Amino acid sequence: MKSQKLLDKLLADGELIRSTAPAGDDLAFHHSLLCSLGLPRRPTVAREFMRQSGEGWLYVQAGAIDLGNGPILQPVPHGAVPRLALIWISTLARRSRHPEIFIGRSASEFLRMLGYDAQGHWYSTLRDQLHALAASRLQMGFCGRTVNETAIKRIDAWLPADHTRRTTWPGTLMLDPSFFDELVHHSVPLDARALYALRGSALALDVYVWLAHRLHRLNHRPMWLPWRTLKCQFGHEYQGAHGHGDFSTSFKLALKKVLVVYPAARVAVLRGGIELRQSAPSVPPRTWLAVNAPSQAAHSASINREAA
């Protein structure tokens with residue numbers, strides 16, 4: 001019953017996307033290289049993570065964050081939550097064209113921005129993954145060029161409820177200048193309605209942002225990608241004797257969801273892999289102009305009202 005409700009909701013979201021172009025807050029943005037190379041989807045005990053696609057690669061190193069009593073080691077960020085958090089942080093920066101951004105008055109407000117309800121387990125997941133994301137160091141490379149950067153340059157820790165001080169929400173954070181500059185000049189537009197519809201699957205999110213970045217850039221000749229190539233790019237977590245088969249099954253299920261919310265995508269599953277054909281972008285070019293994010297003035301006014 002639950003799976004049928006989820007399917008009905010996905011189909012309804014797809015019909016809305018098919019019939020109406022994104023407008024206003026429906027527009028999101030993501031770092032271009034991270035559209036092809038995503039964070040791990042499952043937790044890992046390792047302190048580093050590598051993913052590669054063709055000539056591009058992403059190397060993530062876990063770091064530490066100060067929670068009020070000195071540095072605390074953080075894991076490598078993983079799953080759907082840090083993906084969506086990074087997309088929306090990037091979106092707010094792209095809209096405001098400023099590296100210091102306001103991420104909401106509370107955790108529940110930011111969770112709603114990501115498409116989640118304000119249930120207790122989402123608070124702890126968001127806190128853990130936001131801290132891991134802020135502490136991590138990213139290296140990205142493509143065609144002989146290596147870029148060393150962090151996504152988040154400064155953040156005030158979201159202290160847990162049992163901390164000796166009052167629980168806090170960061171409110172604002174500062175992006176790394178080079179990461180911000182890349183967003184301003186080379187970010188990829190996405191349909192936020194598709195992100196909301198796919199928020200339950202990190203793999204589906206990865207496939208969507210990849211196709212949104214890739215399909216409209218193809219020439220008129222179809223591109224053939226065998227499963228082994230796709231597994232190198234998307235299937236790092238699928239290991240063992242059945243890893244190849246498990247990955248192809250999971251990828252096909254994720255792709256079906258993506259094609260519902262990206263109806264213009266021309267992707268065919270064939271024997272041994274998939275075929276990509278040049279497609280219209282997931283966001284029409286005329287909607288790429290960013291809308292304004294909440295201003296710092298509005299943020300300050302809100303704080304003053306609450307203090308009063």
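Trainee: Are Pro177 and His185 of H5 buried or exposed?
Mentor: Pro177 and His185 are exposed, because that term means over 50% relative accessible area, with buried under 20% and partly exposed in between (1.4 Å probe, protein chains only). This is a predicted model: local features need pLDDT of at least 70, side-chain atom pairs count only at pLDDT 80 or more, and totals for chains, interfaces and linings use all residues. Residues are numbered from 1 along each chain as its sequence is written, and side-chain values use heavy atoms, without hydrogens and water.

Trainee: Which residues of H5 are buried, and how do you know where they lie around the axis?
Mentor: In H5 (residues 177-186), Phe179, Phe180, Leu183 and Val184 are buried. They cover an arc of only 135° around the axis, so they lie on the same side of H5; the arc is that of the directions from the helix axis to the C-beta atoms. Pro177 and His185 are on the other side. Strand S1 (27-30), H2, strand S8 (145-149) and strand S10 (172-175) are among what covers the buried residues.

Trainee: What makes H2 and H3 parallel or perpendicular?
Mentor: H2 (residues 80-96) and H3 (residues 107-114) pack at about 95°, axes 10 Å apart. H2 is therefore roughly perpendicular to H3, a term for 65 to 115 degrees. The contact (heavy atoms within 4.5 Å) includes Trp88 of H2 and Phe110 of H3. By class, this contact has nine nonpolar, no polar and no charged residues.

Trainee: What is the angle between H2 and H7?
Mentor: H2 and H7 (residues 202-214) pack at about 35°, with their axes 9 Å apart. Arg83 of H2 and Asp206 of H7 are among the contact residues, which divide into six nonpolar, no polar and two charged.

Key: Axes fitted to C-alpha atoms, helices over the stretch in contact; angles between N-to-C directions. Helix = DSSP H or I, 4+ residues; strand = E, 2+ residues; numbered from the N terminus. Parallel < 35°, antiparallel > 145°, perpendicular 65-115°, else oblique. Nonpolar A, V, L, I, M, F, W, Y, C, P; charged D, E, K, R; others polar.
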